[in-house]
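Welcome! Open the model in your viewer, keep the sequence panel handy, and follow along from one selection to the next.

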Amino acid sequence: MQLAQRLDKIPPYLFAELNRKGNELAAKGIDIIHMGVGDPDRPTPASILQAMHEAIDDPSTHNYPPYQGTQAFREAAAAWMERRFGVTGLNPNTEIVSSIGSKEAIHNTFLAFVDPGDLTVIPDPGYPVYRTSTIFAGGEPHTVPLLPENGFLPDLDAIPEQVATKAKLLWVNYPNNPTGAVATLEDFEKMVAFCRKYDIMLCHDNAYSEMAYDGYKPPSALQVPGAKDVAIEFHSLSKSYNMTGWRIGFVAGNAIGIKGLGQVKTNVDSGAFKAIQQAALAAFNTSPEDLQGLMSVYQKRRDITVEGLQSLGWKIQPPKATLYVWVPVPKGYTSTEFVTLLLDKCGIIVPPGNGYGAGGEGFFRIALTVPDERMREGIQRMKDAGIRYA
């Protein structure tokens, strides 16, 4: 029995490999601090749980859902986009589709738009799914470096003309995983103009739109006038409302993009469980004050981590958003060598920056998904092991 040749081009999924290593060490009795996966450790808010309980008891939620999402869910998503970003006029029937979290929708978008040999433009470093889904669709990824000196924003002018004219999709992600960088509306205006010039679909992965600190409010690409002509935006309730396991989100924007994604989805999945969509309505109605209460947990962990690393010599600034701190490795180490040192000497699991692409070499990522005391313990273990940034 032989696997498909396309799998030869795809490495093991980064986080699955991290989990495997952690489980092996834990089985040996080693106390592991997992700072690898962006999976919130806090419970889903009680109001969402209550809505889910009520929805499960309703027999009308037990059958197949509409492929594109329930009417109530899509209307609620459109209303949330208007309240949160001031994006008006989204048609729930043609410009919004429900998704089983973001990952599924991201992958299926490649299947909807990329033919064998087509080019996609993806960030480096970036979410690994952008590259692997390009390969699954038979396309060729063209990577755009995200450099510290550019604020980890793509230099669109550096994209060769021959690439731009052949590209089908441009992927961006702000607030950014893994770097924690943010983009302004002016940045999105440049992206929209670039995609309009070359007839490219702009795909904005906005999964961290609500994971922001110090009063910062990340914008939406769809706030740019005319963005719906070329852009779709991916939203997930996973991080914002501690709902990673629920697998619920939506995609909004360009009607052709939504139609193509919906056509793929009708053939590969049967939609999100109605009860989860019903519970998502409660999430959409979370008050700004309650949401800030959720975010304050991660902001405190961010501060513990950044201040702890600063005490060990790292000259880093606290990120404005996301669940992550993007940290340079000390001189003399590769990304893989340094995260191996942290594992061997400190029992800390973090992913190497090059796991997000060649452009991530020289960095590692810390996820703010363990309790405060474990964050402090991780810093203390590094100190006790003599690990510093020099």
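Select Asp-199 to begin: this residue is exposed, with a relative accessible area of 70%. Here buried means under 20% relative accessible area, exposed means over 50%, and partly exposed is in between, using a 1.4 Å probe and protein chains only. Look at the backbone too, since phi of Asp-199 is near 55°, a positive value in a residue other than glycine. You will find Asp-199 in the loop between α7 and β6. Helices (H or I, at least four residues) and strands (E, at least two) are DSSP runs, numbered from the N terminus.

A word on what you are viewing: this is a predicted model, in which local features need pLDDT of at least 70 and side-chain atom pairs count only at pLDDT 80 or more, while totals for chains, interfaces and linings use all residues. Residues are numbered from 1 along each chain as its sequence is written, and side-chain values use heavy atoms, with hydrogens and water left out.

Next, jump to Arg-247, in the loop between β7 (231-236) and β8 (249-253). Arg-247 also has a positive phi, about 60°, although it is not a glycine. With a relative accessible area of 28%, Arg-247 is partly exposed.

Now move to the loop between β5 and α7 (185-198), where Pro-175 lies. Show the backbone there: the peptide bond that joins Tyr-174 and Pro-175 is cis, with omega about 0°. Pro-178 has its place in the loop between β5 and α7 as well. A cis bond leads into that proline from Asn-177, with omega near 20°.

Select residues 128-136 for the next stop. Why is helix α5 largely enclosed by the rest of the structure? Seven of its nine residues are buried, so the rest of the structure largely encloses α5. Color these buried residues to pick them out: Pro-128, Val-129, Tyr-130, Thr-132, Ser-133, Thr-134 and Ile-135. What covers them? Switch on α4 (101-113), β3 (119-124), β4 (140-145), β5 (167-172) and β6 (201-205), which are included in the cover over the buried residues of α5.

Stay in helix α5 and center on Pro-128. At 15% relative accessibility, Pro-128 counts as buried. Add Tyr-356 to the selection: Pro-128 and Tyr-356 are 228 residues apart in sequence, yet 5.7 Å apart in space, C-alpha to C-alpha. Then step just past α5 to Gly-138, which takes a positive phi of about 85°.

Finally, zoom out to the whole chain. In cartoon view, its secondary structure comes to 12 helices and 11 strands. The C-alpha trace spans about 60 × 55 × 55 Å along its principal axes. A compact globule of 390 residues would have a radius of gyration near 21 Å, and the chain agrees, with 21 Å; this radius is taken over C-alpha atoms, and the globule rule is 2.2 Å times the number of residues to the power 0.38.

Of the 390 residues, 57% count as buried. Contacts (heavy atoms within 4.5 Å) link distant parts of the sequence: among those with a separation of 6 or more, 75% are between residues 24 or more positions apart. Switch to a surface view for the last stop. The accessible surface, from the Shrake-Rupley method with a 1.4 Å probe, comes to about 17,100 Å², and 53% of it belongs to carbon and sulfur atoms.
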